[in-house]
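Work through the exercises below with the model open. Try each task before reading its solution.

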Amino acid sequence: MDSFFIQKPDENTNMFINFGTALLAMYKFLTGDSSALSNWSYFNNQSLVILIVLFSLLVVVYLMNLFIGLLNMAINKDNERVSYLKQKAEVFISNVVSFPFFFVKVFKIS
């Protein structure tokens with residue numbers, strides 16, 4: 001009766017039967033894919049394994065480059081604003097040094 005309910009594990013029922021498929025199962029679990037427990041034989045379909053790993057790695061690299069590019073554009077925009085304000089402060093200070101009496105009169109500095 002017990003042999004009816006319990007199967008002997010193979011690559012179709014358990015991905016942890018081989019070391020290579022166990023590594024692939026752990027990789028899939030880390031990427032959030034729980035289909036490692038499904039009845040798909042990865043040991044016999046090595047091209048599918050290669051495509052899954054390449055796709056996930058390339059997507060991660062592409063998205064990280066996209067994020068870095070967007071962050072770079074935001075930093076450049078912020079740097080332009082900072083350089084504008086710095087130049088404005090330098091002009092203001094040069095005007096204060098050049099026309100001290102005008103600013104004393106306008107701002108009522110004693």
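The exercises go from the whole chain to one helix and then to one side chain.

This is a predicted model, in which local features need pLDDT of at least 70, side-chain atom pairs count only at pLDDT 80 or more, and totals for chains, interfaces and linings use all residues. Residues are numbered from 1 along each chain as its sequence is written, and side-chain values use heavy atoms, with hydrogens and water left out.

**Exercise 1. State the fold pattern and the burial of the chain.**

Step 1. Assign helices (DSSP runs of H or I, at least four residues) and strands (E, at least two), numbered from the N terminus. The chain has four helices and zero strands. Along the sequence this reads α-α-α-α.

Step 2. Apply the burial classes: buried is under 20% relative accessible area, exposed is over 50%, and partly exposed is in between (1.4 Å probe, protein chains only). Of the 110 residues, 11% count as buried.

Step 3. Take the accessible area by the Shrake-Rupley method with a 1.4 Å probe; for residues, only the protein chains shown count as cover. The chain exposes about 9,600 Å², and carbon and sulfur atoms supply 69% of it.

**Exercise 2. Find which face of α2 is buried.**

Step 1. Check the geometry. Helix α2 spans residues 19–30, twelve residues. From first to last C-alpha it reaches 17 Å, close to the expected 16 Å. The expected span is 1.5 Å times one less than the number of residues.

Step 2. List the buried residues of α2: Thr21, Ala22, Leu24, Ala25 and Lys28. Down the axis of α2 they fall within an arc of 160°, so they line one face. The arc is taken over directions from the helix axis to the C-beta atoms.

Step 3. Look at the opposite side. The face of α2 turned away from the buried side carries the exposed residues Phe19, Leu23 and Leu30.

Step 4. Identify the cover. It includes α3 (46–98).

**Exercise 3. Describe the setting of Ser56.**

Step 1. Locate Ser56: helix α3.

Step 2. Classify Ser56. Its relative accessible area is 19%, so Ser56 is buried.

Step 3. Find its partner. The Ser56 side chain makes a polar contact with the side chain of Tyr27, at 2.2 Å. Such a contact is a pair of N or O atoms within 3.5 Å; within protein, one must be able to donate a hydrogen and the other to accept it, and residues adjacent in sequence count only if both atoms are side-chain atoms.

Key: Contact = heavy atoms within 4.5 Å.
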